[in-house]
Amino acid sequence: MKPETVLVTGGAGFIGSHTCVELLEAGNDVVVIDDYSNSHPSALDRVREITGKSFAVYEVDLRDRAGLSAVFEAHPIDSVIHFAAKKAVGESTQIPLEYFDINIGGTTNLIRTMHQHEVTRLVFSSSCSIYGDSSAAPLSEADPANPTNPYALSKWMCEQVLSQACVYIPELSVIALRYFNPIGAHPTGRLGEDPLGVPNNVMPYLSQIAVGRLTELSVFGDDYPTPDGTAIRDYIHVVDVADAHRVALEHLDDRDGFRVFNLGTGSGVSVLELVAAFSKACGKEIPHRIAGRRLGDVASLIADAANIDREWGWRTRRDLADMCRDAWNFQRQNPEGYPV
Ligand SMILES: NC(=O)c1ccc[n+]([C@@H]2O[C@H](COP(=O)([O-])OP(=O)(O)OC[C@H]3O[C@@H](n4cnc5c(N)ncnc54)[C@H](O)[C@@H]3O)[C@@H](O)[C@H]2O)c1
């Protein structure tokens, strides 16, 4: 791959920090912007430590047009990977306008600033949540979107904005990756998922129980139409997700326009199966109790992951045991998360 200068928005976050490692190890120059609203600057120190490479970092809110523009003026940016967003489904039902402003407004601001600076190549973080409560399993990119909460809607709207931008600005090349459920951590145990506040996602919740920071997992719903009644998700290792971004960059020049790919393993795992796999990895029973279904949750989301394999020959390389081992390794080494 030809080394490029890649702007990574939200680079201090869970997926962003792992992607920075992949990009730097592939020889690229990296520039990060983040407002640290859901991350720690120390994650970026760890990226430097793992890779032995330095890179520029700016504390900028994605919506700050002048601040963003200054970053494009300071660096010869070839392409952008856009992670920065708010991502909690439940929270998005409480503060929907904040989600629309940051996720949609921030993306509009970014693509506009890119256009002003003649940057045409973008990889965008989308989400399987846009499929909503679909009865199709597995879900292919051709299945209809049916967002059931403001977060999912914001991601779907971003895809629409970017797709339309590509129609009217033909030199643009945009790849949207619809992630299923990224979990796990860097195998060194130096990077991982460390959300601010009480975790919204199941894996950091499990690992914080295992180190004694939380007491019990609430399993939201055991009456779904699934074999054990708990919700099924397609978990994917965060290092596989990061690797897919490196590969997506290589394919931005294949052709102009808007393309979308699912990013999952193609296999479903229930909440109870995940609890069992994590218990095995950490060697402790994880206390859990059945609670009612959570508003906005759906029974099953499994990727049809054939498209990205067919087009790019890319597939995941890490399994559920790897995901649980690495997530536990990070939490064990960093029981209180990143140093503040
Ligand atoms: N983690 C998942 O389960 C998942 C699933 C599907 C899609 N995604 C998408 O992937 C992307 C990254 O997710 P993540 O899990 O790494 O989340 P994260 O919260 O760990 O990372 C997001 C980063 O963006 C930053 N940020 C947020 N708002 C910003 C703003 N206005 N300006 C600048 N920086 C801002 C945060 O501080 C954080 O560092 C998001 O777009 C998310 O919607 C995540």
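This is a short talk on how the sheets, helices and ligand shell of one structure fit together.

Okay, thanks everyone. One thing up front: what you see is a predicted model.

Let's start with the main sheet. In what order do the seven strands of the open sheet sit? Reading across, they go E3-E2-E1-E4-E5-E6-E11, and the pairing is parallel. At the edges you find strand E3, residues 56–59, and strand E11, residues 257–263. Each of those has a single partner strand, so one side of each is left with no neighbour in the sheet. If you step from one strand to the next, the twist averages 20 degrees.

Let me zoom in on the E3 end for a second. E2 and E3 run parallel, joined by four bridges. If you want a pair to click on, try Ile 33, which stands opposite Tyr 58 in E3.

Now, what packs on that sheet? Take helix H8, residues 238–251. H8 touches strands E1, E4, E5, E6 and E11. Its direction makes about 160 degrees with that of E6.

H8 also has a helix to deal with, namely H1. The axes of H1 and H8 are 8 Å apart, and the two pack at an angle of about 55 degrees. Are they parallel or oblique? With that angle, H1 and H8 are oblique to each other, and their crossing is right-handed. On the H1 side, the contact uses Phe 14, Ile 15, His 18, Thr 19, Val 21, Glu 22 and Leu 23. From H8 come Val 238, Val 239, Val 241, Ala 242, Asp 243, His 245 and Arg 246. Sort the residues of that contact and you get eight nonpolar, three polar and three charged.

Next up is H5, residues 96–116, which has two helix partners I'd like to show you. Take H6 to begin with, residues 150–168. The axes of H5 and H6 come within 9 Å and cross at roughly 20 degrees. That angle is under 35 degrees, and H5 and H6 are therefore roughly parallel to each other. H5 passes H6 in a right-handed crossing. Which residues of H5 meet H6? From H5 we have Pro 96, Tyr 99, Phe 100, Asn 103, Ile 104, Thr 107, Thr 108 and Ile 111. Among the H6 residues they meet are Tyr 151, Met 157, Val 161 and Leu 162, and Lys 155 is there as well. By class, this contact has 12 nonpolar, four polar and one charged residues.

The other partner is H3, residues 65–74. Here the axes are 10 Å apart and the packing angle is about 40 degrees, so H3 and H5 are oblique to each other. H3 passes H5 in a right-handed crossing. Arg 65, Leu 68, Ser 69 and Phe 72 of H3 make the contact with Asn 109, Leu 110, Thr 113 and Gln 116 of H5. The class count for this one is three nonpolar, four polar and one charged.

On to the ligand, which I suspect is what some of you came for. Which residues come nearest? There are 29 residues around the ligand, and Gly 10, Gly 13, Ser 39, Leu 62 and Ala 85 come nearest. Several elements we've met turn up again here. H1, E2, H5, E5 and E7 each supply at least two residues of the shell. H1 gives the most, with three residues. So the helix packed against H8 is also a contributor to the ligand shell. As for chemistry, the shell has 12 nonpolar, 11 polar and six charged residues.

Last stop, a second sheet. This one has three strands in the order E12-E9-E14; it is open and its pairing is mixed. Strand E12, residues 269–270, and strand E14, residues 300–301, stand at the edges, and since each has a single partner strand, one side of each is left without a neighbour in the sheet. E9, residues 232–233, pairs with E14 in the parallel sense over two bridges. Arg 233 stands opposite Leu 301 in E14, if you want to find the spot.

That's my tour, so over to you.

Terms used. Residues numbered from 1 in each chain as written. Predicted model: local features only at pLDDT ≥ 70, side-chain atom pairs only at ≥ 80, totals over all residues. Axes fitted to C-alpha atoms, helices over the stretch in contact; angles between N-to-C directions. Parallel < 35°, antiparallel > 145°, perpendicular 65-115°, else oblique. Left-handed = near helix turned anticlockwise from the far one by under 90°. Contact = placed C-beta atoms within 7 Å. Nonpolar A, V, L, I, M, F, W, Y, C, P; charged D, E, K, R; others polar. Near = placed C-beta within 6 Å. Pairing = 2+ DSSP bridges.
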